[in-house]
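This report examines one helix and its surroundings, and then the domains of the protein. Please view the sequence and the structure before reading on.

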Amino acid sequence: MKKSIIDELVSIFGQENVLTDREDMIAYSYDAAPVEIEPEAVVFPTTTEQVSQLMKLAYREEIPVTPRGQGSGLSGGSIPLKQGIVLCMDRMNNVIEFDPANRLITVEAGLTTADIDPIVSEANLFYPPDPGSVAFSTIGGNVAENAGGLRGLKYGVTKDYVKMLKVVMPQGDIVTLGSKCVKHVAGFNSELMFVGSEGLLGVMTEVTLALLPIPQHRESALAIFNSLDGAAQAVSDIIAAGVTPSTMEFMDNATINAVQDFKDCGLPRDAEAVLLIETDGEENSSKAEMKIVQEQVAKNDLREFQLATTTDERDALFAGRRVALNALASVKPNLILEDATVKRSVLPEMVRGIIAIAKKHDIQVGIFGHAGDGNLHPTFLIDQADKEEMARCHKAVDELFQLAIDLDGTISGEHGIGLEKKPYLENQIGASGIKLLQDLKRMFDPKNLLNPGKMFDMPAESA
Ligand SMILES: Cc1cc2nc3c(=O)[nH]c(=O)nc-3n(C[C@H](O)[C@H](O)[C@H](O)COP(=O)(O)OP(=O)(O)OC[C@H]3O[C@@H](n4cnc5c(N)ncnc54)[C@H](O)[C@@H]3O)c2cc1C
């Protein structure tokens, strides 16, 4: 990077908020997806105005800029594909306003997701989206990926809680979108354009989020099954019986054993699958709902039903699910984690299909995920150095996505497209869908400088 540009970056951000040394670039060259590309500089803004100045400089000098939260993304979204500057938002982490009367909180985009609940719980409120990465992901990253989580089934995902955004546009303009009112129809719902935009359309610097009252009571249980089909069918049956649990998480036998090898969470190694289920609300209604859950699982090859009676027991039930990804990651040198999603009614077919695909291509797979949302995380366990295994794995991934599309599902429920799923997007949304995204990108970012090369190619890039 030219010295004059580095000098300008230092004058905008201060020396302590600019990195250009080669060894410092390594930490910003990857996220949780298996790709690495080093940027030429990393900057850490502390104000929206600095982000605006950076975008004006980048536009003038035609330098690619890649926004980054904590780099926990699973689709390669924060990898600086065209190098240039990584705009790391994690030092913009202040709470701007907590407004309990209106059940709102306004935060800077770099705040860690888990930092919200301790503040708002004093007013008996909570922020429902809870991705497995809640302890380290940022709110800006959650909005950019429309992150889901363990409570998505009953409480929805990030988009359901975004009320207002402050966004710096690719040419440096600062816009404030949305409203703090319960109802708001003045103009397009343009704040939602940025939810799931994966850092391609603008840089979010402030986010106003809706909050909900903490449920009075929770019932938590672990259902242990003798068959995979039984667990998958139980998910459909519970929903069909009229219950919407706040959590319904699935782990198959391979995941159970990986968890037990990683940390003893008391899971039965010989069970084919488990469901972790939680109902919440008023005490009587959540207990009544859990009773219906118990009746439904009992019909589906159930081996055992463990109901937590204390908070410690509940935490113990959740511990295995929380470490599932880390546990699978320790089985082989690498993993490819997918998040193909289907309607809940076809979950048994999806689970059977994934296992058949893994068997056909002789690839180890562990399946866990948000079964209540139809959002599974089939995780292929591989060694990237083994080229032959990688080729088989890529075929398995291709077939997995085709299966999801054939079952009227989607190639991503919550991890986004980024780099990892870019080759599959056109299959999902068609050529006209890609053209619409290209047209929108061109309108927002005429020089294609913000996170270029992600999600889809612009026509010049394809050429
Ligand atoms: C162990 C583990 C568990 C996970 N569990 C879940 C889960 O349950 N549900 C789920 O949905 N995801 C999950 N994830 C994925 C990941 O944590 C989420 O996608 C999260 O939202 C990413 O946040 P981040 O701050 O790390 O963003 P990053 O990874 O840094 O960035 C993600 C994308 O957002 C863009 N971006 C970041 N900040 C901004 C901003 N301020 N303005 C504009 N664009 C921005 C980046 O350019 C990039 O495209 C998990 C990841 C891990 C490692």
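## Helix α13 and the domains

The face of α13 turned away from its buried side carries the exposed residues K387, E388 and A391. A residue is exposed if 12 or fewer other C-beta atoms, placed from the backbone, lie within 10 Å of its own, buried if there are 20 or more, and partly exposed in between. The model is predicted: local features need pLDDT of at least 70 and side-chain atom pairs count only at pLDDT 80 or more, while totals for chains, interfaces and linings use all residues. Residues are numbered from 1 along each chain as its sequence is written.

Helix α13 spans residues 387-406, 20 residues in total, and reaches 29 Å from its first C-alpha to its last. This is close to the 28 Å expected at 1.5 Å a residue, the expected span being 1.5 Å times one less than the number of residues. The buried residues of α13 are E389, C393, A396, V397, L400, F401, L403 and A404. Seen down the axis of α13, they fall within an arc of 155 degrees, so they line one face of the helix; the arc is that of the directions from the helix axis to the C-beta atoms. Just after α13, D408 takes a positive phi of about 65 degrees.

Elements that cover these buried residues include the following.

| Element | Residues |
|---|---|
| β16 | 334-337 |
| α12 | 347-360 |
| β18 | 375-382 |
| α14 | 422-444 |

The domain assignment gives domain 1 (3-90), domain 2 (93-213), domain 3 (215-326) and domain 4 (332-445). In all, 6 residues of domain 2 are in contact with 8 residues of domain 3, contact requiring C-beta atoms, placed from the backbone, within 7 Å.

Key:
Helix = DSSP H or I, 4+ residues; strand = E, 2+ residues; numbered from the N terminus. Contact = placed C-beta atoms within 7 Å. Domains from an automatic or database assignment.
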